[in-house]
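Subject: Handover of a structure and notes on its features

Dear colleague,

Please find below the structure that I am handing over to you. My notes on it follow directly after it.

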Amino acid sequence: MSALGAYVSALRVARMSRPAFAKWQQRKLDHWLQNDLGRVAFYATETPRLDALPVIDKATVMDRFEDFNLSRITAAQGWDAFAGGGDVDGVSIGASTGTSGNRALYAVTAEERYRWLGSILAKTIPAFLLRSERVAVILPQSSALYDGANKAGRMQLKFFDLREGPEVWLKALEAFAPTTIIAPPRVLRHFADISAKLSPRRIYAGAETLDPMDKTVIEGFFNHPLGQIYMATEGLLGVSCAHGSLHLAEDATYFEFEDVGHGLVSPIITGFRRSFQIMARYRMNDLLRLSDTPCTCGSPLQVVDEVVGRMDDVFLFDTTLITPDILRNAVLDAARAIDDFRVVRDAKSGVTLVLKPDCSPQDVDAAQTALQNVFYKRGLNVDVRVKRDPLTLDLGRKLRRVENRWSEQS
């Protein structure tokens, strides 16, 4: 019933006007603030008004994990449970993959898992009740969130462990013949590169930043539009609609946005549909480019033109900030033949451009010059070095084509 309720609610919200949705969202948020917020220790003495609450982050939550959940499960208990059965007295414990260096725990009840399931089904496979579906989820780790899908009736869901590598499970995946595939872009790109025997009806990229060049290759191979699932430890944050627009999950999360310049924002989120682990005004590490226009699908939910990357991978030289999309576009616009690369800041005034060994000298020079010009036009003296590398599929870490590996403490 929880899954069905969330499924119906998500479909109903998608048909609202923006003013009607805003009123609906405000009612839900106010009810949550009055009835759920103060049930955990961290917010017990806080005024139940959003603008009165402190902004928190991952470090705060992990330092005081027991103060954010109803059962006062400590971080130590959570890690023990995650390493074992992943359960503490019926509460499922999961963890992030640790892209930004430190992993984070999350705790969800069975009811919350089913609400998540109903919502994501409505957003990704709304007609699953009319025809059977086989869903393949390819990620670095499984989650109790997926377990309920196989109890939903006309659906089979299989998890394929990315850490084991496609060579271990590719034949099983092809035999499963999924109608829907959810995987990181680099894995979908790998399927295209090796011409895997897969013909899903729909494909979704998740868990990593989706670069335009990967999107083009993936859509060309599968002959279907590539959707996105924007999800983090903090919950389901966005899903692409049938028209291809990425919509924020504002029907479960309230978004505030911090302006970081260059037309980009960083979100602060409040999950007003979560009632066990409570987090309000949680600062994310992501960079988003929001759309100014509503989607032609008619949904009132905010459209995101691009998930640009993470604040960790912004290059900050003194007071000059250069975002990942600027560097990525400089390389791609310089030489269209370049289909993979890395831009790594590895010194205070040094950046390494990594290209494949077969990249032509002309394309290498063009890409190196384009990057050098990005810095030069901003009055920066940055040394751009070139390194050759095969750039083979690396399953040990998330793909980050633009990455900052330098800090003042390095």
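The notes below go through helices, strands and individual residues in turn.

Please bear in mind throughout that this is a predicted model.

**Helix α2 and its surroundings**

Helix α2 comprises 18 residues, 18–35. From the first C-alpha to the last it reaches 26 Å, close to the 26 Å expected at 1.5 Å a residue. Its buried residues are Phe21, Trp24, Gln25, Leu29, Trp32 and Leu33. These residues lie on the same side of α2, because the arc they cover around the axis is only 165°. Facing away from that buried side are the exposed residues Pro19, Lys23, Arg27 and Gln34.

What lies over the buried residues of α2? The cover includes α1 (2–13) together with the strands β11 (253–261) and β12 (264–271). At the N-terminal end of α2, Ser17 acts as a cap, with a side-chain oxygen 3.2 Å from the backbone nitrogen of Ala20.

**Asp251, a contact point for α2**

Asp251 belongs to the loop between β10 (246–248) and β11. Its relative accessibility is 5%, so Asp251 counts as buried, the cut-off for that class being under 20%. Asp251 and Gln25 of α2 are separated by 226 residues in sequence, yet their C-alpha atoms are 6.6 Å apart in space. Neighbours within four places in sequence aside, the residues in contact with Asp251 include two from α2, Phe21 and Trp24. The other contacts of Asp251 are Ala10, Val13, Ser119, Lys123, Phe272, Arg273 and Leu301.

**Strand β7 between β6 and β8**

Strand β7 (residues 202–206) is mostly covered, with 5 of its 5 residues buried. In a regular strand, side chains alternate between the two faces of the sheet. For β7, both faces are covered: Arg202, Tyr204 and Gly206 are buried on one side, and Ile203 and Ala205 are buried on the other.

Strand β6 (residues 180–183) pairs with β7 in the parallel sense, over 4 bridges. Within this pairing, Ile181 stands opposite Ile203 of β7. The chain passes from β6 to β7 through helix α8 (residues 185–194), and this β-α-β crossover is right-handed.

Strand β8 (residues 226–232) also pairs with β7 in the parallel sense, over 4 bridges. The bridge partner of Tyr204 in β8 is Gly227. Here too the β-α-β unit is right-handed, and it is made by β7, helix α9 (residues 212–222) and β8.

**The antiparallel sheet and helix α4**

An open sheet of 3 strands runs in the order β1-β2-β3, with antiparallel pairing. The edges are taken by β1 (87–88) and β3 (105–108); each has a single partner strand, so one side of each has no neighbour in the sheet. Between β1 and strand β2 (residues 91–95) there are 2 bridges in the antiparallel sense, and the bridge partner of Val88 in β2 is Val91.

Helix α4 (residues 75–83) has the buried residues Ala75, Gly78 and Ala81. Why do the buried residues of α4 line one face of the helix? Seen down the axis of α4, they fall within an arc of 125°, so they line one face. The face of α4 turned away from its buried side carries the exposed residues Ala76, Asp80 and Ala83. The buried residues of α4 pack against β1, β2 and β3, and also against α3 (58–63).

**Two residues with positive phi**

Most residues other than glycine have a negative phi. Ala177 has a positive phi, near 50°, and is not a glycine. Ala177 is placed in the loop between α7 (166–176) and β6. At 33% relative accessibility, Ala177 counts as partly exposed.

Asn223 likewise is not a glycine and has a positive phi, of about 60°. Its place is in the loop between α9 and β8. Is Asn223 buried or exposed? Asn223 counts as exposed, because its relative accessibility is 66% and the cut-off for exposed is over 50%.

With kind regards

Notes. Residues are numbered from 1 along each chain as its sequence is written. This is a predicted model: local features need pLDDT of at least 70, side-chain atom pairs count only at pLDDT 80 or more; totals for chains, interfaces and linings use all residues. Side-chain values use heavy atoms; hydrogens and water are left out. The expected span of a helix is 1.5 Å times one less than its number of residues. Buried means under 20% relative accessible area, exposed over 50%, partly exposed in between (1.4 Å probe, protein chains only). The arc is that of the directions from the helix axis to the C-beta atoms. Contact means heavy atoms within 4.5 Å. A polar contact is a pair of N or O atoms within 3.5 Å; within protein, one must be able to donate a hydrogen and the other to accept it, and residues adjacent in sequence count only if both atoms are side-chain atoms. Two strands pair if DSSP finds at least two bridges between them. A crossover is right-handed if, with the strands pointing away from the viewer, the path from the first strand over the helix to the second runs clockwise.
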